[in-house]
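Subject: Structure handover

Dear colleague,

I am passing on the structure we spoke about, and below it I have set out what was found when going through it. Please read the notes with the structure open beside them.

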Amino acid sequence: MKGDRVEIAVDAGDTTRTYEVVAGRAGRRVETAVRRGVVEVSEVTRNGSVVRTARFMAARVLALVEQPVPREDASERPLREDPKV
């Protein structure tokens, strides 16, 4: 969903670098995968095509923080009072 964000902190030798992948447009989402020692973070459209991808060596990744946009769920909405009562 637009606004979903993943932050990746990577060990760059003598310092740490932070990268961000953001779902910039409506209908896009951010997916993460760890395969064969590589962390892959991709921005994906509704139909599943990849827009852009960031790849990092898993041994160098210090932190991976997923920050989804808060979604309004039917169970979280306040109940209306019945005006007939």
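This is a predicted model, and a good place to begin is the pairing of strand E3 (residues 29-35) with strand E4 (residues 38-44), which run antiparallel to each other and are joined over seven bridges. Within this pair, Thr 32 lies opposite Val 41 of E4. The hairpin that E3 and E4 form has two residues between the strands, and in it Arg 36 adopts a positive phi near 45 degrees.

Glu 40 belongs to strand E4, and it may be worth your attention because its relative accessibility of 19% falls under the 20% cut-off, so that it counts as buried. Its side chain is joined to that of Arg 55 by a polar contact of 2.9 Å. Beyond its neighbours within four places in sequence, Glu 40 is also in contact with several other residues, including Glu 31, Thr 32, Thr 53 and Ala 54.

The largest nonpolar core consists of eleven residues, among them Val 6, Val 21, Val 30, Val 41, Ala 54 and Phe 56. Strand E1 (5-11), E4 and strand E5 (50-57) are the elements that supply two or more residues to this core, with E1 giving the most, namely three. As for Val 30, when residues up to four places away in sequence are set aside, it touches Val 6, Val 21, Ala 23 and Val 41, and its contacts also include Asp 4, Val 22 and Ser 42.

With best wishes

Key:
Residues numbered from 1 in each chain as written. Predicted model: local features only at pLDDT ≥ 70, side-chain atom pairs only at ≥ 80, totals over all residues. Heavy atoms only, no water. Pairing = 2+ DSSP bridges. Helix = DSSP H or I, 4+ residues; strand = E, 2+ residues; numbered from the N terminus. Buried < 20%, exposed > 50% of the residue type's maximum accessible area, 1.4 Å probe, protein only. Polar contact = N/O pair within 3.5 Å; in protein donor to acceptor, adjacent residues only side chain to side chain. Contact = heavy atoms within 4.5 Å. Core = buried A, V, L, I, M, F, W, Y, C linked by side-chain atoms within 4.5 Å.
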